[in-house]
Amino acid sequence: MHTAEVSNTQKLTAEEILQDYRIAWESRQASLTGRKEVFMGKAKFGIFGDGKEVAQLAMAKFFKAGDFRSGYYRDQTFMFATGELSLQEYFAQLYAHTDVEAEPSTAGRAMNGHFGTRLLDEEGKWRNLSERKNSSSDISPTASQMPRLVGLAYASKLYRQNPDLQHMTQFSVNGNEVAFGTIGNASTSEGMFFEAINAAGVLQVPMLVSVWDDGYGISVPAQYQTTKGSISEILAGFQRDSQDGQGYEIFKVKGWDYPALCEAYEAAVRVCREQHVPVLVHVEELTQPQGHSTSGSHERYKSKERLEWESEFDCLKKMREWILENELSTAEQLDQIEAEAKNAVREARGNAWNAFAASIKDDQDEAIQLLDNLAAKSAHVTEIATIVEELRKNTVPIRSDAVKAVRKALRYVRDEQNEAKRELIGWLEQTLGENADRFNSYLYSQSDESALLVDEVKAEFDEDAQQVDGREVLQACFDAILARDPRVFAIGEDVGKIGDVNQAFAGLQDKYGELRVTDTGIRECTIIGQGIGAALRGLRPITEIQYLDYLLYAIQILSDDVACLQYRTKGGQKAPLIVRTRGHRLEGIWHSGSPIGMILNSIRGMHVLVPRDMTQAAGFYNTMLKSDEPALIIECLNGYRLKERIPSNVGEFTVPLGKPEILREGTDITIVTYGSMCRIVMDAAKQLEDFGISAEVIDVQTLLPFDIEHMISDSIRKTNRVLFADEDVPGGATAYMMQQVVDEQGAWRWLDSKPQCLSAHAHRPPYGSDGDYFSKPNVEDVFETVYDILHEAEPDKYPVIY
Ligand SMILES: Cc1ncc(C[n+]2csc(CCOP(=O)(O)OP(=O)(O)O)c2C)c(N)n1
């Protein structure tokens, strides 16, 4: 048997090399076939990994059980080579097969090339990740794989350095796991790429980033993307100066050079895994034989010379030449492998298509049968027969075709009654239910650790419970949490040494150490990413965004990554991350933000909790840590120094989600609010009482989920009037609350006055107390708005004020 010396320590047998060659060829064939499938109309869009095969084979060689990948849509060869994706699964995703068994990455939810392994079992519990080769779930926004990559690597650091985590062998063995990132050269232009590179350098974590450099980002060449046209050249300053110095190891290697790639990855992974040094592998001279995606052809933007170079330096061609030059195989043998690869792909495509089509065919057949039965009984036989005929003619049906046909047919028989119609309706209801599971499930956890299932434990107070600053309630809560659960750690700007800008973590770094309560750089996006990756590996991060106004820096990653994680994997992955921030009302344009509508509309899939004081906030931390779901908890910026009593069970009590609290009972109007506005509304309610108006004040407490048991609607049933008040812009979260109550809960039935909203002005508040008064809703605004509603109803009883 021939062997090839690709490095000092690594000898590859001819057998192994030919196996790689086979995988590379199968992968290339999958790309070529996939493109054809799209053009034949069997799939809607295709993006493929051709031209990147050989580098990925090399990377896969050093990817071990327990490791994690955070990559992007070009990584199919890596997924094949690690055994985490079969050819049939690859095609199942192209066709959007909705069965988890057929398409485990996303159950048909993401377009092709979006990979991920199932980290959770059917009950939503963690599998043994140390025994598996893991891939976090890909997303389309370029470079968005980078923030979570920081966290995947950071978890290894925590597992290695924190002895209290040693027992969690299901997730880590001494932090030996490497987080492998991949990114296209053009996507390194994104800010979050640089932020992530810097963060991992500061943290010194085992993060290995491969840049697949094919010189373009769709049509835009490197000179428009990267200074000096080379990412490794401009990142050279990150290179470690010495073996024990801080920084990166940087490798540069050509993407068609199989032995050099094997050698580079061997060295790169070793230093990363053993020493926890971050590594950049710049893989140059890659090609993209079929162009970017099925959306266009690269002949439009690549010169003739470039296209010629690409075919000359195609990595498969080069690998073949190298194998022959080194006499590791004969040309005939390689021809045979290539032919076999073609057959394997053809077979996998056929099997995937047949399974996909069969899964839909049953629905279609049943619908046709039931519609035929209906036609036989109906006065509208002609119309129904036409519908059936159309459905029958459809040889490439999708699920909605049968459903559309049935819904249309039912219109014609709306005033007929017979068994055939009843059966058809039964079928429709069942099919809609099944499709809800296929297409609409798992926005939130469906496990028994869902936050909605956490039992309420009421706060208890000793008779002599002392009044303390609000921040001390939180501090006591965090102290208890850190003491009881080694998985919990808190990170953020100023969170470590001074215990956050409002000192809710004061003294806790001293008590629990730097790994548990940790300062970070000013980098909101990767603070969140650090949390996402760690949460994906079984830890319980509390990641702090210093002010709500700066959540905008992180909202994209919350929206695109955390919030849709359960959904886009159909329950295959979870990242139970807690994002802590503080907001609403303090001072000035950038420290008074309350952009709640923006948040609610962008992070469905997370819970959004808006406690009015620090006791409620503490209860929410306890609740969320008992669940397996992510949440954003927004504390009131102006509440840390207000006096509250410390519950005696501050580390245990829980505040249930989706359950508003009636702060004050009343009979004339219901005022619905949350957060800092609770105090203002309560003040106004007291003043209204002096003028004979009895206001019921409800704190919704959680905006997502919202008032699950319709307590607000019950209140309106009694008062017949409602005001929604908050500090967001007009049409922001007040509009959301009104939709929930009036439309969703059906409270319009009980209303005698028009439902009304009171929000801040559309601009942000200027600095100073007057800026606040004239921009945000104040006590007088609430008083007068309520008074006017009652004046309109009973002008004699409530004459005009002014
Ligand atoms: C944030 C964002 N902007 C734009 C796009 C559209 N887009 C998809 S891929 C791509 C080019 C990426 O090029 P590169 O990073 O070099 O990777 P390659 O596709 O060449 O492997 C662009 C602009 C996107 N998906 N996300």
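**Exercise 1.** In this predicted model, determine the strand order of the open five-stranded sheet, and explain why one side of β19 and of β24 is left without a neighbour.

*Solution.* Begin with the order, which reads β19-β21-β20-β23-β24 in an open sheet with mixed pairing. Next, look at the two ends of that order: β19 (661-664) and β24 (756-758) stand at the edges and have a single partner strand each, so one side of each lacks a neighbour in the sheet. Finally, consider the twist, for which neighbouring strands of this sheet are turned against each other by 25 degrees on average, with direction ignored.

**Exercise 2.** Describe how β23 and β24 pair, and identify which strands of the sheet helix α27 touches.

*Solution.* First, take strand β23, residues 722-725, which pairs with β24 in the parallel sense over three bridges. Then locate a specific bridge, where leucine 723 has glutamine 756 in β24 as its partner. Lastly, turn to helix α27 (residues 779-793), which packs on the sheet and touches β20 (669-673), β23 and β24, while its direction makes about 165 degrees with that of β24.

**Exercise 3.** Find which residues are linked with Trp353 by ring pairs into a cluster, and state which charged side chains sit over the rings of tryptophan 353 and tyrosine 216.

*Solution.* Start from the structure as a whole, which holds 25 aromatic pairs. Within it, ring pairs join Trp353 with Phe80, Tyr90, Phe91, Tyr95 and Phe356 in a cluster. Then examine the face of tryptophan 353, over which lysine 42 lies at 4.8 Å from the ring centre. For tyrosine 216, the charged end of lysine 302 sits over the ring, 5.4 Å from its centre; both distances satisfy the 6 Å cut-off for a charge over a ring.

Methods:
Residues are numbered from 1 along each chain as its sequence is written. This is a predicted model: local features need pLDDT of at least 70, side-chain atom pairs count only at pLDDT 80 or more; totals for chains, interfaces and linings use all residues. Side-chain values use heavy atoms; hydrogens and water are left out. Rings of Phe, Tyr and Trp (its six-membered ring) pair if their centres lie within 6.5 Å; planes under 30 degrees apart count as stacked, over 60 as edge-to-face and the rest as tilted. A charge sits over a ring if NZ of Lys or CZ of Arg is within 6 Å of the ring centre and within 35 degrees of the ring normal. Two strands pair if DSSP finds at least two bridges between them. Helices (H or I, at least four residues) and strands (E, at least two) are DSSP runs, numbered from the N terminus. Axes are lines fitted to C-alpha atoms, for helices over the stretch in contact, and angles run from 0 to 180 degrees between N-to-C directions. Contact means heavy atoms within 4.5 Å.
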